[in-house]
Amino acid sequence: MNAFGRAVKELLWPPRCILCRRLPETGAERLCPGCRAGLPEPFSGPRRGSGYGRWAAALWYEGRLRESFHRFKFGGCGFYAEIYGPWLAEAVRKQLGTDFDLLTYVPISPLRRRRRGFDQSLLLAREAGKALGMEPVRTLKKRNLVKPQSRTLGPQARQKNVRGAFRVTDPDLVRGRRLLLIDDVLTSGATVSEASRVLRAAGARSVDVAVLAAAPK
Ligand SMILES: [Zn+2]
């Protein structure tokens, strides 16, 4: 798109703050000063689930972030990844360090990817990876027809739902390596536990987890 096209587009659809949806007073900032000032420091907490090492999150999965994330995932706002990605990278740097051999992610199933048109965790991993100087590598494959964890209630039901959901694409990719595993939202930890379990079974030396947002317990 040329400069004129961009100007017309911004006139018709002015960029709004990705969290509060307010129009910026000046420029084309995607995050208003108020929301920027309210961003938390990256954090961690007690492990949820098992099979992996540490976890880190950029934000709590609640309020405006939750609504923003829904627009990202279901509302055609895939470009939010460009803003979320650096937040995720910051959480990695501050909570987990950068001593990893491989950046990977928890994929959605091929069927869901076809329907949605993109894989949100891959987008996040790609944008976080730019800030970390790492290219995400696909190491997992998800079975079709696994019910979404967001529609499965309770830690035990979530654990059961996701059991056997992943396969390692190529054990040679992960054997002996320290992995940084990206997912979008951490809730009970069942999904990242299962993903880590198969990665460790395939020979990964360690798996640490970074998510955009963690649901309050
Ligand atoms: Zn805002």
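Here is a short chat about the fold of this predicted model.

Me: What secondary structure does the protein have?
Reply: This is a predicted model. The protein has nine helices and six strands.

Me: How does the radius of gyration compare with the globule rule?
Reply: The radius of gyration is 18 Å, and the rule gives 17 Å for 217 residues. Those values are close, so the protein is as compact as a globular protein of that length.

Me: And what box do the C-alpha atoms fill?
Reply: Roughly 55 × 35 × 35 Å, along the principal axes.

Me: New topic. Which strands form the open sheet, and in what order?
Reply: There are four, in the order β1-β6-β5-β2. The pairing is parallel.

Me: Why do β1 and β2 each have one side without a neighbour?
Reply: They stand at the edges of the sheet. Each has a single partner strand, so one side is left without a neighbour in the sheet.

Me: What's the twist?
Reply: It averages 20° from one strand to the next.

Me: Which helices should I look at around the sheet?
Reply: Try α4, residues 81-96. Helix α4 lies across β1, β5 and β6, and runs at about 135° to β1. Then find α6, residues 120-132. Helix α6 packs on the sheet and touches β2, β5 and β6. Its direction makes about 125° with that of β5.

Me: Back to β6. How many bridges does β6 make with β1?
Reply: Five, in the parallel sense. One residue to find is W55, whose bridge partner in β6 is V209.

Me: And how many with β5?
Reply: Eight bridges, also parallel. L186 stands opposite A214 in β6.

Me: What links up with β5 and β6 in the β-α-β unit?
Reply: Helix α9, residues 190-201. The unit is right-handed.

Me: How many residues of β6 are buried?
Reply: Eight of nine, so to speak of the strand as mostly covered is fair. Across the protein, buried residues make up 38% of the 217.

Me: Which residues touch the most others in the largest nonpolar core?
Reply: A57, L88, L181, V211 and A213. That core has 55 residues.

Me: What does V211 touch?
Reply: Leaving out residues up to four places away in sequence, V211 touches W55, A57, D183, D184, V185 and L186.

Me: Last one. How much of the contact set comes from residues 24 or more positions apart?
Reply: They account for 75% of the contacts with a separation of 6 or more.

How values were computed: Residues are numbered from 1 along each chain as its sequence is written. This is a predicted model: local features need pLDDT of at least 70, side-chain atom pairs count only at pLDDT 80 or more; totals for chains, interfaces and linings use all residues. Helices (H or I, at least four residues) and strands (E, at least two) are DSSP runs, numbered from the N terminus. The radius of gyration is taken over C-alpha atoms; the globule rule is 2.2 Å times the number of residues to the power 0.38. A residue is buried if 20 or more other C-beta atoms lie within 10 Å of its own, exposed if 12 or fewer, and partly exposed in between; C-beta atoms are placed from the backbone. Two residues are in contact if their C-beta atoms, placed from the backbone, lie within 7 Å. A nonpolar core is a set of buried Ala, Val, Leu, Ile, Met, Phe, Trp, Tyr and Cys residues joined through C-beta atoms within 7 Å. Two strands pair if DSSP finds at least two bridges between them. A crossover is right-handed if, with the strands pointing away from the viewer, the path from the first strand over the helix to the second runs clockwise. Axes are lines fitted to C-alpha atoms, for helices over the stretch in contact, and angles run from 0 to 180 degrees between N-to-C directions.
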